[in-house]
Amino acid sequence: MIRCILFDMDGVLMDSERLHFQLWHKIFADCGVEVDFSHYQNCIGSNLDALFTLVRQVYGVDLRERQKELVQEFLRAKADYIRRCGIPEIPGVKETVRRLRRRGYRMAVASSSSPAEIQQCVSFLELEDCFDALCSGIYAAHPKPAPDVFLMAAEALHAPAEECLVIEDSRNGALAAHAAGMCCWGFENPSSGAQDLSTAQWRFQNFEQLLSELRDLHID
């Protein structure tokens with residue numbers, strides 16, 4: 001019986017993956033590296049160490065000594081964008097989360113992003129009262145596709161893995177959910193690129209489908 005739902009953030013609660021790529025593309029271009037989205041999308045769902053490793057391995061440029069500086073530049077640019085334009089919203093997400101809360105599900109955000117970014121997203125969407133835990137992968141020993149952040153979220157909800165449903169948009173996230181022994185539903189978000197969600201038990205294109213599937217399976 002599914003009693004808890006664990007949401008990834010980027011690409012699931014907010015349509016931010018293309019924005020992230022645009023910001024990083026400019027930052028890396030200023031460093032002399034033209035990162036292509038076909039390579040970048042392999043890092044979606046994981047942490048920033050994976051991105052800098054990709055730049056080193058694929059493009060032959062080692063930016064590790066500047067990583068902290070460049071991450072701060074990214075965070076400033078993202079915060080500035082959100083101040084000017086708001087968070088890129090995904091249709092139906094806010095109402096879906098609120099309806100799931102009314103149905104009695106316990107819910108958590110389980111994201112590779114920082115605690116500040118997670119709090120900013122949840123606050124902007126006015127969903128603070130819907131989530132029982134906000135879990136950041138920066139406190140996990142290993143990033144997705146390792147299961148750590150999902151196990152952390154399940155522990156925060158005092159829930160066994162078999163009672164948790166993970167909503168993910170990335171290959172790394174779906175693999176992490178599988179490794180955690182949790183059911184995973186994959187959100188096919190075009191902004192996240194050609195993600196391999198084959199380890200997800202079911203895939204959907206919009207959040208009304210998610211609500212309908214929960215009803216049809218009689219697990220709510």
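Start with helix α5: select residues 93-102 in this predicted model. Helix α5 lies across two strands, β1 (4-7) and β2 (106-111). Against β2, the helix runs at about 140°.

Keep β2 on screen and add helix α6, residues 115-124. Helix α6 lies across β2 and β3. The angle between α6 and β3 is about 145°.

Next, the pairing of β2 with β3. The two strands run parallel, and four bridges join them. To see one of the residue pairs, select Ser111 and Ser136: Ser136, in β3, is the bridge partner of Ser111. Now trace the chain from β2 through α6 to β3. This β-α-β crossover is right-handed.

Zoom out to the whole sheet. Six strands form an open sheet with parallel pairing. Reading across, the order is β3-β2-β1-β4-β5-β6. Which strands are at the edges? Select 133-136 for β3 and 202-204 for β6; each pairs on one side only. Then look at the twist: neighbouring strands of this sheet are turned by 25° against each other on average, direction ignored.

Finish at the β6 edge. Select β5, residues 183-187, together with β6. How many bridges hold this pair? There are three, and the strands pair in the parallel sense. For a residue pair here, pick Gly186 and Arg203: Arg203, in β6, is the bridge partner of Gly186.

While the strands are displayed, turn on side chains. In a regular strand, they alternate between the two faces of the sheet.

Conventions
Residues numbered from 1 in each chain as written. Predicted model: local features only at pLDDT ≥ 70, side-chain atom pairs only at ≥ 80, totals over all residues. Heavy atoms only, no water. Pairing = 2+ DSSP bridges. Axes fitted to C-alpha atoms, helices over the stretch in contact; angles between N-to-C directions. Contact = heavy atoms within 4.5 Å. Right-handed = clockwise from strand over helix to strand, strands pointing away.
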